[in-house]
Amino acid sequence: MEFSIKSGSPEKQRSACVVVGVFEARKLSAAAEIIDHAADQFLSDILRRGDMEGKAGTSLLLHGVPGVEADRILLVGLGKEREFREKEYRASIATAVRQLNETGGFDGTLYLTEIPVKKRDVAWKIRQASLVVQETLYRFDRLKSKKDEVRRPLRKLTFCVTRRNELATAESALAEGLAIASGMELAKNLGNLPGNICTPTYLADQARELGSSHGLGVEILDRTEMEKLGMNTLLSVARGSAEPPKFIILRHAGADEKLKPIVLVGKGVTFDSGGISLKPGLEMDEMKYDMCGAASVLGVLKAAAKMKLPLNVVGIIPTVENMPGGAATKPGDVITSLSGKTVEILNTDAEGRLILCDALTYVERLDPECVVDIATLTGACIIALGHVTTGLLANCDSLARELLDAGNEAYDRAWQLPLWDDYQEQLKSNFADIANIGGRAAGTITAACFLSRFTEQYHWAHLDIAGTAWKSGKEKGATGRPVPLLAHFLMDRANRAAQRATKRKRA
Ligand code: BES
Ligand code: MN
Ligand code: ZN
């Protein structure tokens with residue numbers, strides 16, 4: 001798909017289809033108003049006859065509209081004007097793209113991007129539009145022998161802005177949106193691949209490929225190297241599987257090497273059977289998604305490289321398959337972690353924290369500016385926040401604030417849960433320094449408490465994406481979240497670094 005930005009009159013666009021919005025109670029958007037005027041009330045006549053009410057999700061394709069250059073006009077319902085917010089804006093773009101893909105034309109010119117969205121600027125609207133377009137057109141059919149062919153697919157989209165002096169802002173927002181979208185697409189593809197294809201070895205190969213195509217440094221540790229380092233809790237999870245574990249290190253060096261890196265750690269369990277604490281069979285296939293944290297790290301590094309962010313970012317991916325083979329770790333086993341702390345593994349299904357704790361100890365040697373881990377860590381997080389919101393816990397309030405803000409800006413939102421010491425009690429073990437589970441109560445918090453015991457040396461935040469990384473049911477599939485949140489977090493850091501630099505120059 002080709003994208004461009006434009007500013008100009010809707011009636012003068014030589015396009016296969018110009019898309020404008022209609023609010024409920026048949027109120028035309030500004031661009032629709034202009035077309036209506038040029039077309040001698042053609043649109044308002046149609047609305048009066050009752051063919052289009054402006055309800056959200058509806059649309060009406062018009063041919064031969066007089067006084068306009070375009071072959072077609074697509075009216076998209078926007079719902080009530082008073083209630084038109086982020087969600088409604090995104091939905092209107094999705095409706096437009098779905099309809100455009102079914103018309104005979106190859107290109108479309110969207111005026112929906114001109115419609116005001118409360119508190120949001122042009123850059124936000126263009127970024128979101130490009131993300132929604134790519135999301136709407138996404139298909140995962142590489143494992144089907146027959147693909148659904150779109151007869152005349154959309155090839156080119158133009159986003160319109162109201163004023164010429166908005167063009168430059170919109171152009172850079174488009175580039176950002178497309179970079180983030182390509183990171184999301186990578187994360188979705190990896191998530192959707194089944195466990196027999198997307199193994200730890202496959203993830204390591206993907207990281208190498210991403211490294212050479214996007215100029216990232218890549219280092220992969222194999223089992224022997226991890227044994228030498230003493231990553232025993234990570235290795236304890238891999239013991240029950242025939243798939244060898246990998247430890248992936250990816251580097252985006254966008255700034256002076258003296259600048260401390262931002263470190264992102266992604267849980268990469270390519271299939272989580274539960275191990276000896278075997279999961280029930282229902283929906284167990286979905287545990288192929290247990291590497292979505294890892295996928296989001298690969299995705300956001302891809303986006304960061306595309307945007308050439310002036311930051312140093314390191315992505316760390318501990319990746320294993322959790323299986324109940326003959327050599328598997330057993331409930332009650334005690335393992336000495338890389339940190340030296342001993343862990344009593346009371347439940348082998350709480351494996352995410354076991355691979356993360358060694359990764360979080362490993363990153364101390366990178367002298368990080370801050371560390372964010374991303375993990376499909378607890379079913380309890382789905383109970384607490386559903387599939388809408390990512391769980392956030394942190395040992396640093398300003399870092400938590402930054403991530404919450406980034407999520408709001410990206411429309412990929414998170415919510416903070418408390419990481420108070422009072423919860424640490426639940427992790428007491430009679431036989432080791434710490435137990436790997438803390439009982440049924442507050443499962444998301446006690447999982448984060450476990451991790452917090454390995455992150456005392458730096459500013460750290462944890463994102464539990466168990467509810468947000470994929471959708472179940474009829475539309476089963478990876479979402480690519482939280483790539484947008486993470487991308488915005490990095491973009492904000494890059495902006496602040498640039499602001500500090502100009503201040504220094506002035507001083
Ligand atoms: N990968 C799961 C968490 C999960 C479960 C994510 C369901 C999405 C949907 C994780 O490894 C796990 O099994 N966690 C256990 C922890 C428990 C044993 C303390 C859980 O949530 O049940
Ligand atoms: Mn598990
Ligand atoms: Zn898991």
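E351 is tucked away in this predicted model: its relative accessible area is just 1%, and because anything under 20% counts as buried, E351 is buried. D349 sits on the other side of that cut-off, since a relative accessibility of 21% makes this residue partly exposed. Both residues turn up again at the metal site, where the manganese ion (ligand 2) is coordinated by D349 and E351 together with D272. D349 contributes twice, through its O and its OD atoms, while D272 supplies OD and E351 supplies OE. The coordination distances run from 2.0 to 2.2 Å. Along the chain, the donor residues of the manganese ion (ligand 2) follow the spacing D-x76-D-x1-E.

As for geometry, the manganese ion (ligand 2) has 6 donor atoms around it, and the angles they subtend range from 70 to 167 degrees, so the arrangement comes out as irregular. For reference, ideal angles are 90 or 180 degrees for six octahedral donors. The manganese ion (ligand 2) also has company: the zinc ion (ligand 3) lies 3.2 Å away, and D272 coordinates both metals.

D349 leads on to the open spaces of the model, being among the residues that lie nearest the centre of the second largest pocket, along with K279, T378, G379 and A380. This pocket has a volume of about 1,000 Å³, and 34 residues line it. At least two lining residues come from each of α10 (352-362), α11 (379-385) and α13 (443-452), with α11 giving the largest share at 4 residues. By class, the lining splits into 12 nonpolar, 12 polar and 10 charged residues.

The largest pocket has a volume of about 1,500 Å³. Its lining runs to 44 residues, and E135, K188, K471, E475 and T479 are the ones nearest the centre. Two or more lining residues come from each of α3 (86-100), α4 (122-137), α5, β20 (470-471) and β21 (477-478). Of these, α3 gives the most, with 6 residues. Both domains take part as well: domain 1 (2-161) and domain 2 (179-499) each provide at least three residues of the lining. In terms of chemistry, the lining of the largest pocket holds 19 charged residues, next to 15 nonpolar and 10 polar ones.

Turning to enclosed space, the model has 2 cavities of 30 Å³ or more. The largest cavity has a volume of about 90 Å³ and is lined by 13 residues, with S236, V237, N322, T329 and T348 nearest its centre. That lining comprises 6 nonpolar, 6 polar and 1 charged residues.

The second largest cavity holds about 40 Å³ of space. Among its lining residues are K188 and T479, two names already met near the centre of the largest pocket. The rest of this cavity's lining is made up of A187, C292, A295, S296, A469, A478, G480 and R481. Here α5 (167-192) and α9 (292-306) each supply at least two residues, and the largest share, 3 residues, belongs to α9. Sorted by class, the lining of the second largest cavity has 5 nonpolar, 3 polar and 2 charged residues.

Terms used
Residues numbered from 1 in each chain as written. Chains lettered and ligands numbered in written order. Predicted model: local features only at pLDDT ≥ 70, side-chain atom pairs only at ≥ 80, totals over all residues. Heavy atoms only, no water. Donors = N, O, S within 2.8 Å, 3.2 Å for Na, K, Ca; no water. Tetrahedral: all angles 85-135°; square planar, octahedral: opposite > 155°, others 65-115°. Buried < 20%, exposed > 50% of the residue type's maximum accessible area, 1.4 Å probe, protein only. 1 Å grid on protein atoms, 1.4 Å probe; cavity = no way out; pocket = protein on both sides within 12 Å on 5 of 7 lines; lining within 4 Å. Points joined across faces, edges and corners; volume = space filled by probe spheres on them. Nonpolar A, V, L, I, M, F, W, Y, C, P; charged D, E, K, R; others polar. Domains from an automatic or database assignment.
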